[in-house]
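User: I'd like a close look at one part of this model, the surroundings of the two ligands and the elements beside them. Could you take me through it in one connected account?

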Amino acid sequence: MRILVTGGAGFIGSHLVDKLMENEKNEVIVADNYFTGSKDNLKKWIGHPRFELIRHDVTEPLLIEVDQIYHLACPASPIFYKYNPVKTIKTNVIGTLNMLGLAKRVGARILLTSTSEVYGDPLVHPQPESYWGNVNPIGVRSCYDEGKRVAETLMFDYHRQHGIEIRIARIFNTYGPRMNIDDGRVVSNFIAQALRGEPLTVQKPGTQTRSFCYVSDMVDGLIRLMEGENTGPINIGNPGEFTMIELAENVKELINPNVEIKMVENTPDDPRQRKPDITKAKELLGWEPKVKLRDGLPLMEGTSD
Ligand SMILES: NC(=O)c1ccc[n+]([C@@H]2O[C@H](COP(=O)([O-])OP(=O)(O)OC[C@H]3O[C@@H](n4cnc5c(N)ncnc54)[C@H](O)[C@@H]3O)[C@@H](O)[C@H]2O)c1
Ligand SMILES: O=C(O)[C@H]1O[C@H](OP(=O)(O)OP(=O)(O)OC[C@H]2O[C@@H](n3ccc(=O)[nH]c3=O)[C@H](O)[C@@H]2O)[C@H](O)[C@@H](O)[C@@H]1O
């Protein structure tokens with residue numbers, strides 16, 4: 001099996017590559033432009049005979065021969081996807097179009113890593129896949145959430161029109177080693193702050209919730225979805241729900257009990273609550289997360305691997 005992983009030099013992508021490389025029948029090709037990812041995340045595979053790394057931007061066509069495509073390429077942290085929003089839209093729309101074109105040409109199965117952000121600031125809680133969402137089409141997050149919604153539409157149109165085999169995962173907040181320590185996402189921020197002895201910056205009101213999935217559980221879910229028979233979309237995430245104040249208290253207790261918790265201003269359109277309904281993943285993929293937040297957080301500490 002020859003497998004392309006776009007965005008494979010990033011956080012989730014590099015853990016996925018590690019897992020795929022464990023199977024000696026797999027050859028893995030990573031295409032990445034290194035915007036938020038790094039070769040360092042893949043250093044143990046560089047030079048391996050079953051591994052290839054290509055510097056490539058998915059907004060440009062890619063002509064290779066593969067059997068499966070895991071399409072992850074896209075900045076995921078809000079500070080990075082808002083940095084150049086037009087580029088984020090191009091990555092989601094033109095990038096997904098190019099990867100679907102590749103899938104069509106070579107007859108490959110393609111999996112898109114969509115996001116819980118397609119539900120916007122959800123009015124239904126927890127969120128099942130049947131919920132169509134509450135998304136601001138013109139806000140500062142729209143390049144990402146509307147971009148992913150169009151990417152999902154493209155996937156289904158290629159499926160219906162051209163018979164492409166598609167899989168869509170709606171990923172909920174994921175954490176683990178190799179997150180960029182300066183990437184602004186809440187778990188990496190709090191851990192970095194706790195290790196430096198700086199106050200943990202809880203954005204107001206602090207009662208907003210998220211559900212955090214450890215990366216090994218995420219990778220397991222993505223591979224099961226790819227190998228299974230269902231197109232999705234399927235939510236992949238951990239249903240344990242925490243307020244940002246609770247998360248800060250957990251990090252304080254587990255990593256550095258001496259740090260303060262400080263309330264700071266928030267950014268526009270921050271979703272107030274988020275928790276996956278994972279009934280479909282349980283029934284169709286036989287998947288549910290194993291790692292609890294309190295067990296996963298200490299695994300982040302001071303490591304790059
Ligand atoms: N981590 C999460 O909590 C989360 C949640 C929902 C969805 N997702 C999705 O999962 C995927 C991976 O997220 P992550 O957390 O590993 O993020 P990440 O930023 O660590 O990885 C993204 C990778 O894509 C690469 N990339 C970005 N734009 C590209 C382009 N135009 N061409 C080629 N490569 C490009 C980056 O360099 C990076 O290596 C993304 O599609 C993201 O939207 C992640
Ligand atoms: O899971 C998802 O679907 C999406 O979740 C995240 O987006 P978001 O939940 O906004 O992620 P964070 O930036 O980590 O923020 C989470 C919460 O923490 C808060 N926060 C963030 C940073 C901080 O220092 N303090 C803090 O309280 C934010 O206000 C927000 O309420 C990801 O970064 C997206 O890539 C992903 O698609």
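Let's begin with one residue: is Y34 buried or exposed, and what is its relative accessible area?

Analyst: Happy to! This is a predicted model, in which local features need pLDDT of at least 70 and side-chain atom pairs count only at pLDDT 80 or more, while totals for chains, interfaces and linings use all residues. Residues are numbered from 1 along each chain as its sequence is written, chains are lettered from A and ligands numbered from 1 in the order in which they are written, and side-chain values use heavy atoms, with hydrogens and water left out.

Y34 is buried, at a relative accessible area of 16%. Here buried means under 20% relative accessible area, exposed means over 50%, and partly exposed is in between, using a 1.4 Å probe and protein chains only. Y34 sits in the loop between β2 (27-32) and β3 (51-55); helices (H or I, at least four residues) and strands (E, at least two) are DSSP runs, numbered from the N terminus. The backbone of Y34 deserves a look too, as its phi is positive, near 65 degrees, in a residue other than glycine. For background, most residues other than glycine have a negative phi, and most peptide bonds are trans.

From Y34 we can step to ligand 1. A polar backbone atom of Y34 is 3.5 Å from an oxygen atom of this ligand. On either side in sequence, a polar backbone atom of N33 is 3.2 Å from a nitrogen atom of ligand 1, and a backbone N or O atom of F35 is 2.9 Å from an oxygen atom of ligand 1. These are polar contacts, meaning pairs of N or O atoms within 3.5 Å; within protein, one must be able to donate a hydrogen and the other to accept it, and residues adjacent in sequence count only if both atoms are side-chain atoms. There are 29 residues around ligand 1, and I12, D32, T36, L72 and Y144 come nearest; a residue is near a molecule or strand if one of its heavy atoms lies within 4 Å of it.

F35 and T36 also lead us to F80. Not counting residues up to four places away in sequence, F80 touches F35, T36, P75 and D183, where contact means heavy atoms within 4.5 Å. F80 belongs to helix α2 (residues 78-81) and is partly exposed, with a relative accessible area of 22%.

Now to ligand 2. Of the 25 residues around it, A76, T115, S116, T201 and Q203 come nearest. S116 places a polar side-chain atom 2.4 Å from an oxygen atom of ligand 2, while V186 has a backbone N or O atom 2.7 Å from an oxygen atom of the ligand. A polar side-chain atom of N266 lies 3.4 Å from an oxygen atom of ligand 2.

Let's follow V186 into its helix. In the packing of α5 on α7, V186, V187, F190, I191, A194 and L195 of α5 meet M244, L247, A248, V251 and I255 of α7. By class this contact has eleven nonpolar, no polar and no charged residues; Ala, Val, Leu, Ile, Met, Phe, Trp, Tyr, Cys and Pro count as nonpolar, Asp, Glu, Lys and Arg as charged, and the others, Gly among them, as polar. Helix α5 (residues 186-196) and helix α7 (residues 244-255) pack at about 40 degrees, their axes 10 Å apart. Axes are lines fitted to C-alpha atoms, for helices over the stretch in contact, and angles run from 0 to 180 degrees between N-to-C directions. The buried residues of α5 include V187, F190, I191 and A194, and β7 (174-175), β8 and α7 are part of what covers the buried residues of α5. After α5 comes G197, with a positive phi near 75 degrees.

Strand β8 (residues 200-203) brings us back to the ligand, as Q203 is found there. Q203 is partly exposed, with a relative accessible area of 34%. Beyond its neighbours within four places in sequence, Q203 is in contact with Q208, M263, V264, E265 and N266. Just after Q203, a cis peptide bond joins K204 and P205, with omega about 5 degrees, and P205 is in the loop between β8 and β9 (209-211).

One last stop is D269, in the loop between β13 (261-264) and α8 (279-285). Its phi is positive, near 65 degrees, in a residue other than glycine, and D269 is partly exposed, with a relative accessible area of 37%.
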